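User: Got a minute to go through this one with me? I'd like the quick tour.

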Amino acid sequence: MVLIFLLFGLSAAFAEQRFPPPDFSETNHQLPITTTPPTRAEWLQYLDVAVLAAGLGLAVWLIYKRRSRRGIFWLSIFSLSYFGFYREGCVCAIGAPQNIALGLFHSGYAVPVTVIAFFALPLIVALFAGRAFCAGVCPHGALQDLLLIKPLKVPAWLEHGLGILPFIFLGFGLTFAATGTGFPICRYDPIVPIFRLNGPSLLIALAAITVLLAMFVGRPYCRFLCPYGALLKISSLASKWRVRVTPDYCTQCRLCEHSCPFGAMREPAPGTIEPKSLVTERRRLGWLLVLVPVLIAGGAWFGGELAVPVSKLNPTVELAERYIAQQASPVDHGVMTPEALSLERAERDPEALLTSAADLRRRFWLACVLFGGWIGLVVGLKLVSLSLRTRRTDFEPDRGACFACARCFRSCPQELVRIGQMPASELPAPVPAAAKA
Amino acid sequence: MNKPANEPTTRRTFLRNGARLAAMTSLGALGGVLASRSQAENWVWQIDPQKCLRCGNCATKCVLEQSAVKCVHAFAMCGYCNLCTGYFEPEPNALTTAAENQLCPTAAIKRTFIEDPYYEYVIDENLCIGCAKCVEGCSRFGNGSLFLQIRHDRCVRCNECAIARTCPGDAFRRVPASQPYLLKTTHAH
């Protein structure tokens, strides 16, 4: 019985092998074993989550309790070494929204628990304490923060204009991930090649530009591209606590005015309002509020129009297009290039390919309509927010734009008194804004 | 913050609290939906050798300068041929280890004599660039015991594998990290 089984097994094996493996009767040679180097130990992923949680906790404590730039600095160094150079930038919160989108829209992909944790933890912290993740836990932010040597002030129009890019990049990444086309946020990450000390030449060039820029413009990636930063920005608008320059009250001394290298410091609102300007401002706001739905509808229409060309970025749709073109006018490829090989595969089962391509097209149409609408919404809300009147009475960092880096604290005389670096007698008198202005 | 304890909630604070509550709820709902179909285990990328078309992309498309994909040898499937079509150029001058006879551009395959007429072929992974030239030779004319695999001591586990995106055979897929290899065996179906 065993013999029959063995014989059967062997004949089955020989059936696919043209040259029967030798039995080495003379030398009794032992076959080497095919090595399979293991992956990183699985329990280590929980260490990553634990380090993330501990880092976030520490950052919140350093920002709100200790108010210590030095602490944040050392935390940045640690995060840069751990998440950056040791973990080589993967797993990371910045790319995680794409995994979430893929997990939501594709039944075949189960999001690993670690990725859910990396996506959610910094957002939950931001809902209570602002962008503590950016302050010193994110390796991307830490690297740029440490590179900054001579911050230049970005003009307000450029700052606001480029400020909507993260939201658009987020929408772009989610569109691609939800249609199963890829993870562009990870693909075009300009900082990960630095962590890996390795990468394709295009990305190394991008990394070099980012490094150069980061020396003169504070955190260019965080401010003008980071899609996760866009989510954190929205979350911190609702945060329970916020970073304040002064430990107790603001004397309007203006010493902190230029202390923020990231353009997040906001002046108090001018005290008096002219009734005449109020009327024009209200009218403008009214028009802008009407404009928002128009922009959303326009964006959605434009997105729908662009869905067909955009869908060609999906490898399956692209292959289906090439297959149809090949059927219409056959081209002889001669040498078997990867393109020719994939066409050959398409010819084996064109039905399945064309159905899945058509299905992807439909998904793309919906995703592009949503993406276009999202761009319209972002642009519209940005315009509205620029026309809103603030009730700020003190110099404060903007809730959404503040990275909680703790640089501004030491510029405040109240803080210097608090930590005992200045006698209280040298304080400017706590006068209201009117006297100073 | 030195505000009195009984200060009334302003409209802004009220709205902010509401927004935070809404955000927490939606995050929780999202987490719940995802957690119901998530898994504790991570994914890793791997090549299905049955789908691999030996196009050569693995050597050039990896984000690492030296690809994480290497040729792997299933020795139990190997015929130990003297004229190995994975080792030698088509129509070699002589069946020797001379460089001009070898198919491998980096001479990463070591050929050793075992017993007449059998030779053993072992891949030196430090030299292998994952170009699949030997895989093509072995699959086309031999037993198909040479095949490509992502080596997990080298792979950096990109969220999206750069080779997978350009693979003409659609051979890359995510596999559970506990079974990170898709090896060829003699009992393959």
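User: How much of chain B is buried?
Analyst: Buried residues account for 41% of the 189 residues in chain B. Buried means 20 or more other C-beta atoms within 10 Å of the residue's own, exposed means 12 or fewer, and partly exposed is in between, with C-beta atoms placed from the backbone.

User: Before I go on, what kind of model is it?
Analyst: It's a predicted model, where local features need pLDDT of at least 70, side-chain atom pairs count only at pLDDT 80 or more, and totals for chains, interfaces and linings use all residues. Residues are numbered from 1 along each chain as its sequence is written, while chains are lettered from A and ligands numbered from 1 in the order in which they are written.

User: OK. What's the radius of gyration of chain B against a compact globule?
Analyst: Chain B has 26 Å, whereas a compact globule of 189 residues would be near 16 Å. That's taken over C-alpha atoms, and the globule rule is 2.2 Å times the number of residues to the power 0.38. Along its principal axes, the C-alpha trace of chain B spans about 95 × 35 × 25 Å.

User: Which domains does chain B have?
Analyst: Domain 1 (10–37) and domain 2 (43–176), with bounds from an automatic or database domain assignment. Their centres, over C-alpha atoms, are separated by 51 Å.

User: And how many helices and strands in chain B?
Analyst: Four helices and six strands, in the order α-β-α-β-β-β-α-β-α-β from the N terminus. Both are DSSP runs numbered from the N terminus: helices are H or I with at least four residues, strands E with at least two.

User: What share of the chain B contacts join residues at least 24 apart?
Analyst: 74%, counting contacts in chain B between residues at least 6 apart in sequence. A contact here is two C-beta atoms, placed from the backbone, within 7 Å.

User: Switching to the interface. How many residues does each chain put in?
Analyst: Chain A gives 54 residues and chain B gives 58. On the chain A side, the elements giving two or more residues are helix H4 (96–105), helix H5 (113–129), helix H10 (184–187) and helix H17 (338–348). H5(A) has the largest share, with seven residues.

User: How does that chain A side divide into nonpolar, polar and charged?
Analyst: 28 nonpolar, 16 polar and ten charged. Ala, Val, Leu, Ile, Met, Phe, Trp, Tyr, Cys and Pro count as nonpolar, Asp, Glu, Lys and Arg as charged, and the others, Gly among them, as polar.

User: I'm looking at B:Gly31. What is it in contact with?
Analyst: Past its neighbours within four places in sequence, B:Gly31 contacts A:Ile116 and A:Ala120. B:Gly31 sits in helix H1 (residues 11–36) of chain B and counts as partly exposed because it has 18 C-beta neighbours inside 10 Å.

User: Now chain A. Which domains are assigned there?
Analyst: Domain 1 (46–241) and domain 2 (275–387). Their C-alpha centres lie 26 Å apart, and the contact takes ten residues from domain 1 and 14 from domain 2. Helix H9 (residues 165–178) of chain A gives the most to the domain 1 side, six residues. That side divides into five nonpolar, five polar and no charged.

User: Which residues touch the most other members of the largest nonpolar core?
Analyst: A:Ala59, A:Phe133 and A:Ala404, in a core of 142 residues. A nonpolar core is a set of buried Ala, Val, Leu, Ile, Met, Phe, Trp, Tyr and Cys residues joined through C-beta atoms within 7 Å. Leaving out neighbours within four places in sequence, the contacts of A:Phe133 include A:Leu56, A:Pro122 and A:Leu232.

User: A:Leu232, that's in H14(A), right? Why is that helix largely enclosed?
Analyst: Yes, A:Leu232 is one of the buried residues in H14(A). Helix H14 (residues 227–237) of chain A has nine of its eleven residues buried, so the rest of the structure largely encloses it.

User: Last thing, backbone oddities. Where are the cis peptide bonds?
Analyst: One joins A:Cys90 and A:Val91, with omega about 20 degrees, and another joins B:Asp116 and B:Pro117, with omega about 0 degrees. B:Pro117 is in the loop between strand S3 (109–115) and strand S4 (118–123) of chain B.

User: What about phi at B:Tyr80, and is that residue buried or exposed?
Analyst: Phi of B:Tyr80 is near 50 degrees, a positive value in a residue other than glycine. B:Tyr80 counts as buried because it has 22 C-beta neighbours inside 10 Å.
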